[in-house]
Amino acid sequence: MDIMEEKNIIYDCSRGCTTERTDNGELLCEYHHGCCKLHDFNWLGGINDPKFNNIFEVRFKNTRKGFYENTSRQLLKIGDLVVVEAVTGHDVGIITLEGPIVGRQMLRNHFDMETKEIRKIYRKARPLDLEKWQEAIARENSTMIRARQIAADLGLDMKIGDVEFQGDGSKAIFYYIADERVDFRQLIKVFAEEFRIRIEMKQIGARQEAGLIGGLGVCGRSLCCSKYISNFQSISTQAARCQDLSLNPQKLAGQCGKLKCCINYEVPVYVDAHNNTPVVNAPLEFQDGPAWLVKTDILKGIMWFSYEEGNMSKMMPLTTEEVRRIKAANHKGIKPATLLKEDGKEEAMDFVSSIGDDSIDRFDKKGRKKKRKKRPARPDGKSSDKQ
């Protein structure tokens, strides 16, 4: 659990709230949306829809959310801590969305109000509810460490990534990762005897674990899996190849150890660009010699050719349309005059080659030779320099 302390205020980033103990001993909990994983912007704010007037999105730990109905018709708003119905007992969560935007979220999460039961919001959380809630939260870290020890003692090939206690402390969800099917019937019995609570085992993947934990990516922003991604798509190295990315596992892998989700973002653009780029398997024939393809900028639609195969110092650009026309002419046996422009000058490259970037001494400062200063002449007219 990611917790930061500032004076008497504790920031619980796993649940998106702050807790503070006043001088009178009263416990205050407030919604802090800046730490909220899978946070949503209410772009339909101010719009009224009677169908969703009493439907709210309630957030729990990390990325777990649910939809609940305010059957008691209490006055509720975003940021309220509420006591909601659970399978057994009750849970405590934070209202994060209200109004028509909740309907959009239901559609996005394939939640059908007609076939699925919407649980109830009992009331706003009282001081006693908050005290029990914080007591349950305080047990999560120690429970997770002990659970890992028990799983290791039983010889189970699994990793327990997180533990989430229910608001009333009567139940805990154990999130685990396993490559193969795990028989944890004995594990559940040991957990129930050790922790004296109801046990629920929930299997997650490596990407979901990264979303639960959170963090910063190489781009400097929060991980996409913790901010907005809820449905994870398969990512292959072909997505990196079509973008001409370096197939370096250290650069392509995210914090979860899998290929980065952002590799898929621009794949459709590159696929369309590749489809619009002509395939050149042989040099283009000109009257002054063949021209070889050296580099292709598929996004700009420019292809660079040179009369010397593999030489990047003398290149001339052609658009994809020009390449198509020249290939069609060569197919008919016609050779254009030359690749060079009318003035015969080479066009400057608008890109920088990466050759030499991996040189081990590229960061060393190049030393300069110091010029020898001449000494002033002596009074007798002889030079002061030693021979």
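Okay, hi everyone. One definition before we start: when I say two residues are in contact, I mean they have heavy atoms within 4.5 Å. And keep in mind that what you see above is a predicted model.

Let's use that definition straight away on Gln 243. You'll find Gln 243 in the loop between helix 7, residues 237-241, and helix 8. So is Gln 243 buried or exposed? Its relative accessible area is 11%, and the cut-off for buried is under 20%, so Gln 243 counts as buried. And what does Gln 243 touch, if we skip its neighbours within four places in sequence? Its contacts there are Ile 263, Glu 266, Val 267 and Tyr 270.

Right, on to the cores. Here's a bit of background: in soluble globular proteins, nonpolar side chains tend to be buried together. In our model, the largest nonpolar core has 21 residues. Met 158, Ile 160, Phe 174, Leu 187, Phe 191 and Met 201 are the ones with the most contacts inside it. Two or more residues each come from helix 3 (140-153), strand 10, strand 11, helix 4 (185-195) and strand 12. Helix 3 gives the largest share of this core, with four residues.

Have a look at Phe 174 while you're there. Again leaving out neighbours within four places in sequence, Phe 174 is in contact with Ile 160, Phe 191 and Met 201, among others. The list also includes charged company, such as Asp 162, Glu 200 and Lys 202.

There's another core lying apart from that one, with 13 residues, including Tyr 31, Cys 36, Val 92 and Ile 137.

Now for the pockets. The largest pocket has a volume of about 1100 Å³. Its lining has 44 residues, and the closest to the centre are Thr 63, Arg 64, Lys 65, Gly 66 and Lys 202. You may remember Lys 202 as one of the contacts of Phe 174. Which strand supplies the largest share of this lining? That's strand 6, with four residues. By type, the lining splits into 17 nonpolar, 10 polar and 17 charged residues.

The second largest pocket holds about 660 Å³ of space. It's lined by 28 residues, and nearest its centre are Gly 217, Cys 219, Cys 224, Lys 260 and Cys 262. Helix 6 gives the largest share here, three residues. This lining divides into 17 nonpolar, five polar and six charged residues. Helix 5 and helix 6 are worth finding on screen: each supplies at least two residues to the lining of the largest pocket, and each does so for the second largest as well.

That's me done, thanks!

Technical notes: Residues are numbered from 1 along each chain as its sequence is written. This is a predicted model: local features need pLDDT of at least 70, side-chain atom pairs count only at pLDDT 80 or more; totals for chains, interfaces and linings use all residues. Side-chain values use heavy atoms; hydrogens and water are left out. On a 1 Å grid over the protein atoms alone, a cavity is a set of points where a 1.4 Å probe fits but cannot get out, and a pocket is an open set with protein on both sides within 12 Å along at least five of seven lines; lining residues have an atom within 4 Å of a point. Grid points are joined across faces, edges and corners, and a volume is the space filled by probe spheres set on the points. A nonpolar core is a set of buried Ala, Val, Leu, Ile, Met, Phe, Trp, Tyr and Cys residues joined through side-chain atoms within 4.5 Å. Buried means under 20% relative accessible area, exposed over 50%, partly exposed in between (1.4 Å probe, protein chains only).
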